[in-house]
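Reader: Before we go into the details, could you show me the model that we are going to discuss?

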Amino acid sequence: MANLVAPPGTVLHEAVSVTPRHALVPKWWEPKAGSTAMEWALTGPAVDEPWGKVYADLTLVTRVGPTHADHAAPTDLAVGAPTSSSTMPGLVTRMLQLMWLEPGHQVLDIGTGSGYSAALLAYLQGDDLVTSVDIDPYLVQAAQGRVAAFGRTPRFETCDVTGGLPEGEWDRAVSMVSVRPVPGSWITALGPGAQFVTTIANTPLLVQFAIDFDSIAYGTVDRGPATFMRTRSTTDYAPRFDATYLSARDTEGDEVRKANGPIPDLWTEWELRCLFELDTPDIELRTGADDDGNSNGVVWLLGADGAWARAEVATGLVHQDGPRRLWDELERVRANWEENGTFSMRDLVFEATIESTIAVAPTDSWTITL
């Protein structure tokens, strides 16, 4: 695996080579074959899966809802959305490279998870220069014990990273969870001259930030996409908008009109979807499928406040209901993007301060507050 995820002959390659991922992820969850109910079955070297997957460049889901794989029997099933994982090693090493680590840098590892990134960082920087934090006490405890078993002893702490951070000073930080906005505590804890790498919640944007001497963190988007679970303050994420979907599935709604322009496929037109998420956050997207699993040209946008929109390619009609007009919002975002030259997401610039985070279009004529 080391040759796949880190350049041979580098210290990062050495770190991957000596880090036994199987010791950190003895079991994990995989989607149950044939299930349509978000069911997960247990697998891993400690169950019945040989070491092939644990040493492949794959993300391994270790926790579904409140249920960690460590606490499950081989025949148990979990139901729900993932709440923790061991991120694919190639993405972890890419993020570590983006930090431009130098000897002596003190590093904050945000989102302990399985402890894999903390173990790599401890090898690269030395145990005393690495602190790893997570909101889940069990994840912190398990990772600390497993990493120590093969000789690595970075500092581990339990905390909610959207609030205050443990006492310490750091030159670099890497976040294995996504955020929106960038927590002000990160700017304070890192300070001028420091750098950090994170993803923006519910988008594939991996952003490299550098903090200037006015305590403003300027962020540029990396060339490749990356997605992480969002920071959470409870044992599970909020439930999906199933009740709203039942209302939106095939009813007329209180407004029916022709769409302004073609109805986009928001799964393939990911840049439009990304901008829509930045501008109008936390909208759940669902698409219809035929009996063969192919798209049938129906798109639903669902809001936590009960707002919904349904667009149908076959008729060109948009149905909307609730306190907001979500398809109107999408069309406004698309119009703004087109007026600004349909720029690439790599051309966005982020600015984070203690008080707020914004995304700025390359024309400077469109600013989105996160």
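Reader: Which elements do the buried residues of α10 pack against?

Author: In this predicted model, helix α10 covers residues 326–339, and its buried residues include Leu326, Trp327, Leu330 and Trp337. The buried residues of α10 pack against one helix region and several strands, namely α9 (270–279), β14 (255–258), β16 (295–302), β17 (308–312) and β18 (317–321).

Reader: What residue follows α10, and what is its phi?

Author: Helix α10 has 14 residues and reaches 20 Å from its first C-alpha to its last, close to the 20 Å expected at 1.5 Å a residue. After α10 comes glycine 341, with a positive phi near 85°.

Reader: Is proline 89 buried or exposed?

Author: Proline 89 lies in helix α4, and, leaving aside neighbours within four places in sequence, it is in contact with Met1, Val5, Arg21, Ala56, Asp57, Leu58 and Tyr116. Its relative accessibility is 0%, and because buried means under 20%, proline 89 counts as buried.

Reader: How are α4 and α5 oriented to each other?

Author: The axes of α4 (residues 89–98) and α5 (residues 116–125) come within 11 Å and cross at roughly 45°, and α4 passes α5 in a right-handed crossing. The two helices, α4 and α5, are therefore oblique to each other.

Reader: How many charged residues has the contact of α4 with α5?

Author: From α4, Pro89, Val92, Thr93 and Leu96 meet Tyr116, Ser117, Leu120, Leu121 and Leu124 of α5. By class, this contact has seven nonpolar residues and two polar ones, while the charged residues number none.

Terms used:
Residues are numbered from 1 along each chain as its sequence is written. This is a predicted model: local features need pLDDT of at least 70, side-chain atom pairs count only at pLDDT 80 or more; totals for chains, interfaces and linings use all residues. Side-chain values use heavy atoms; hydrogens and water are left out. Axes are lines fitted to C-alpha atoms, for helices over the stretch in contact, and angles run from 0 to 180 degrees between N-to-C directions. Helices (H or I, at least four residues) and strands (E, at least two) are DSSP runs, numbered from the N terminus. Angles under 35 degrees count as roughly parallel, over 145 as roughly antiparallel, 65 to 115 as roughly perpendicular and the rest as oblique. A crossing is left-handed if the near helix is turned anticlockwise from the far one by less than a right angle, and right-handed if clockwise. Contact means heavy atoms within 4.5 Å. Ala, Val, Leu, Ile, Met, Phe, Trp, Tyr, Cys and Pro count as nonpolar, Asp, Glu, Lys and Arg as charged, and the others, Gly among them, as polar. The expected span of a helix is 1.5 Å times one less than its number of residues. Buried means under 20% relative accessible area, exposed over 50%, partly exposed in between (1.4 Å probe, protein chains only).
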